[in-house]
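Trainee: Can we go through this one together? I'd like to see how the copies fit.

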Number of protein chains: 2
Amino acid sequence: MSTRTTVPFSRETLEQVLKRRFFFAPSFEIYGGVSGLYDYGPPGCAFQANVVDTWRKHFILEEDMLEVDCTMLTPHEVLKTSGHVDKFADWMCRDLKTGEIFRADHLVEEVLEARLKGDKAARGQAVTEEEDEDKKKRKKKVKEIKNIKLDDEVVKEYETVLNQIDGFSGPQLGELITKYNITNPATGGPLEPPVEFNLMFETAIGPSGQLKGYLRPETAQGQFLNFSKLLECNNEKMPFASASIGKSFRNEISPRAGLLRVREFLMAEIEHFVDPENKNHPRFAEVENTKLRFLPKSVQEAGSNELVEKTIGEAVSSGMVDNQTLGYFIARIYHFLLKIGVDPQRLRFRQHLSNEMAHYASDCWDAELHTSYGWIECVGCADRSAYDLSVHAARTNEKLVVRQALPEPVTVEKFEVDIDKKKFGPKFRKDAGAVTKYLEERTQCELEDLAQELSANGKIVVQVKGIEGDVEIGSDLVKIAKVKRTEHVREFTPNVIEPSFGIGRILYSIFEHQFWSRPEDKDRSVLSLPPLVAPTKVLVVPLSSHADLLPLVKKISAVLRKEQIPFKVDDSSASIGKRYARNDELGTPFGITIDFDTAKDGSVTLRERDSTKQVRGSVEDIVRAVKEITYGGVSWAEGTSKLTPFETQSEEA
Amino acid sequence: MSTRTTVPFSRETLEQVLKRRFFFAPSFEIYGGVSGLYDYGPPGCAFQANVVDTWRKHFILEEDMLEVDCTMLTPHEVLKTSGHVDKFADWMCRDLKTGEIFRADHLVEEVLEARLKGDKAARGQAVTEEEDEDKKKRKKKVKEIKNIKLDDEVVKEYETVLNQIDGFSGPQLGELITKYNITNPATGGPLEPPVEFNLMFETAIGPSGQLKGYLRPETAQGQFLNFSKLLECNNEKMPFASASIGKSFRNEISPRAGLLRVREFLMAEIEHFVDPENKNHPRFAEVENTKLRFLPKSVQEAGSNELVEKTIGEAVSSGMVDNQTLGYFIARIYHFLLKIGVDPQRLRFRQHLSNEMAHYASDCWDAELHTSYGWIECVGCADRSAYDLSVHAARTNEKLVVRQALPEPVTVEKFEVDIDKKKFGPKFRKDAGAVTKYLEERTQCELEDLAQELSANGKIVVQVKGIEGDVEIGSDLVKIAKVKRTEHVREFTPNVIEPSFGIGRILYSIFEHQFWSRPEDKDRSVLSLPPLVAPTKVLVVPLSSHADLLPLVKKISAVLRKEQIPFKVDDSSASIGKRYARNDELGTPFGITIDFDTAKDGSVTLRERDSTKQVRGSVEDIVRAVKEITYGGVSWAEGTSKLTPFETQSEEA
């Protein structure tokens, strides 16, 4: 599709088209809108529904995952345990004078980038159109963009900071703000040092106001809390995956960047529960030859952005990607993204640096899509280890474990504590419980020491939390000895591999990847959504509003409805070219034209959106071709090979 | 299905089965749960998804509706305008001593019902099993249930109150509480008078805490706010409908009754925009003969509950149902509910009494489903008139109207005000704007009077808000006269007919309607979900775990996957009867058994859940039958007419 590149991409044009066709629009627009909130109109909603449907088939049906639908309202205690109350936060700076609030890392990024662009201009270097557009927008807000040349060293320093911008702590950001004299860009006024702002929306559940709750920041927690029930649904078999599709929330400090940074968003998350001692995947062989472009940790740490291209099989066997299950999902994510319209040349897998990883993750690879805003994290694929199940189990005293019969019983030797409870009570009275608990919680290593002490001295002397002074326990009260046991069951907490999709970000990236203008007329834009996910598959266009054509429109509509192919009829008086142009913007891949020959011989023409090629055939043959290309994964050439090519000079008039 | 009735329905058994099979479970159960919040497990989630999918096809695709997906977070101002901030509330009573909070109407209902049952028992009258179960549960909470005989008059009074319980205001409930000496049922302690509690969950949008927001109480508002964009999407054609499927929220005071009263729930709502002067529906003829059971306002007001049975055509032509569009949707709702498994004998359409209608509605019919909790409102079908569009337009000064070219221009005579702006400014100075606005806002009637005054006195004297004293305007400054105008366009605010579905309530009612126990063994329960919406369509069961059968399982699985028929394999070692019993509870309509004959001739048996009948045939024929019955609306007898009946004595062992 080399023709697509002849007219340079313009984000402004794309956004105009998407809003005009009501793919999406700011929520509450007639009230002035609320930043970070968007509504999907009919074509956006259908595109989203088709992507979700494809996701469900590609992941849930294909792998027999257990889908759940959990509540968004979540009580405080759950998210306190998961770590979100303490750690799901961004750093913000206030301008006390104006009351404005800035997200600290974005502020530093914005100001330093602006200064670098000013420097570039001062040096007479070319600024890309994209940079220029950004600059124009920002100029309204950032007063200080002046074309000032910077010292070469300063330029280098700024660039280093920008490369690491995701990794700074709040105090570090505060130091940068002071060091580089960063102020409120609009007024030049001073800013308070960064403070943490928790990104969860808070609310009160019930009328008393005493049960604090949040809107969930991810769909994952509901899946973890239901782990035992899900394991039972799966007949106690491991490994298995649950999945969930639903809205999550993030109270962004100052959302910009359109659909890429929003406060309410659709997520699709998989929690794949796996034995920590065996993270191989039974179906890994099916994907191992998938070639991918990686940006591993090591390359980033060396200050480079150069992509490493290899198969996922090589990536796993070399240890770059930790294990087969992680690798399997990375490859499956790749295939999914291509299916729904992502340009493979604008997709990379980037490994998280240790200082940017979410608090629960032990390793993480993001599928990043390139857009005019840069590389955007659209799918996270994290190894959350046993973090979540462990913390919830510890907090609730519910066992969240797998119990597996061992193929053969194993004999283990362990130190065990044997307490004489009859004597313990009278001796320690109210402290008896605490002392018992203390002894039961000792590690094997500590028990070995205590056993020695007991046999050497006939007693042990310990410090127990909550009891003042030493506690002395004689050998008449307790025995500590190594015991042989035969175990028939292995009990373990599974690890979790979590592919997590931000649907809105993916949709927006696909818009950018598939939007282009016809070289013969740059005002005629086309959204080349794959037929599988396009909102409407077919536009039915009668050539004129002549009464003879009306029954034909009805007949074809009935056939399409019966075949459950989403279609629209456009019988307006606009020229046929205009009607197609409108639907090119809507991403409608096929047009069926009804003309006066149709009235004679029943034949219709089928038009393909991207090439504007046409073929002619009977309604049955044309609809069959549409169905095969849309749902059967067949190409246009294949699907229409038995139909007659059709030429017209006036079609696009 | 007369066999279904031989074992009496038990809600307790149903709930046990639904929880054991993880159709749903209390959210955060390992944390003790939060009342009014439930998670759907895999079968519940699939059932819900299938119902939503059926809804989408039945309504959105069939009628070419415009689906949108709007945010749940909603700023204060929008819901202030819609009336929800002021009126979306219930009345609650506090017990200041214990801190407990009661929903006032539920409290009155519960206590009076308990007293009536105590009276019944004291009179030695039979108490139904259902009442008895309720009583047992309540006994823990309601101390005062004693078997005390009441005066006949008191019984009558209580019954009257209970019949009208939905219609009382807060102060009226307060009077009832005092009059009948209603106290905290658990302690007998006194209660504060009822106060209003707004049922919206409140939160703060953004970091400043200054933008107050709520979780939406309905999906409707997003559709109203996008009205102009939707009208444009529809090429300005009327009538048309938008639709939305998504979660809404209601912070219930003290939710009970399981899935019927929850704080977070899935809604599917249609907003059908119609010309207020013509509420006919073009497709009404298609449904007019649908026979329905109605409970109109007039019957309820006469103190009766007797249903009126007639066709929707008769209901509309007699004026009982206000207009064709309302009638059309009532009939379409009926057909939808039957398709997904509602028992028509337990469905009625009840008209709202004027004092129970939502603040925005001008007429409303509920589809109510009968359950062990009584008749439950599951679908509302309201005529919201022009309420919402009008209030949002007034608040935002955005026109939310339809402009239609008149078939022929019409001439209208109107009084018009002609202000001499050049003289107005110097004369009224800072008040000029207010005076102008005053004149522009006069009705035709007021203008007629002013015109007379002006011609009689050469001036008018008026009082203008915000200006002290009289304002005198001479005829040199203003002219008021009747003018003839030719209008080519008619401008109007559409009315809205709103069918609104509570998906969770419908799902629960279907569980009750379709749950039964086999007469030969009442511990073997069956959930007779229609194949179309059943979570899984087919259970594949190898007769034994013999290695010869394994490739056959794989082969059949591949065929089912290719045909996109949701299925499960159960190759556990449980007896075939046990495996089917488990899936009867899961509502799986078909079983395919693989035995040693399959290895020889490729044939398999197909079992039907409700009748346990079996037929035998090739895999292709069996799968075709499953597909036709599940998605083609064909009966078991028809779908399997060409297959061989198969008898076995051991199948259900």
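Mentor: Sure, and a word we need is contact, which means heavy atoms within 4.5 Å. Also, this is a predicted model, where local features need pLDDT of at least 70, side-chain atom pairs count only at pLDDT 80 or more, and totals for chains, interfaces and linings use all residues. Residues are numbered from 1 along each chain as its sequence is written, chains are lettered from A and ligands numbered from 1 in the order in which they are written, and side-chain values use heavy atoms, with hydrogens and water left out.

Trainee: Why do the copies meet through the same surface?

Mentor: Count the residues in contact: 73 in chain A and 73 in chain B. Of the interface residues of chain A, 100% are also interface residues in chain B, so the copies meet through the same surface. The share to remember is 100%.

Trainee: What kind of axis relates chain A and chain B?

Mentor: Superpose by least squares on the C-alpha atoms of residues with pLDDT of at least 70 in both copies. Chain A then lands on chain B with an RMSD of 0.2 Å, after a turn of 180° and a shift of 0.0 Å along the axis. That is the relation of a two-fold axis.

Trainee: Which residue of chain A comes closest to the rotation axis?

Mentor: Look at C-alpha positions. At 2.6 Å from the axis, the closest is Thr203(A).

Trainee: How many salt bridges cross the interface of chain A and chain B?

Mentor: The rule wants a side-chain nitrogen of Lys or Arg within 4 Å of a carboxyl oxygen of Asp or Glu. One pair is Asp69(B) with Lys247(A), whose closest N and O atoms are 3.3 Å apart. Across the interface the count is 8.
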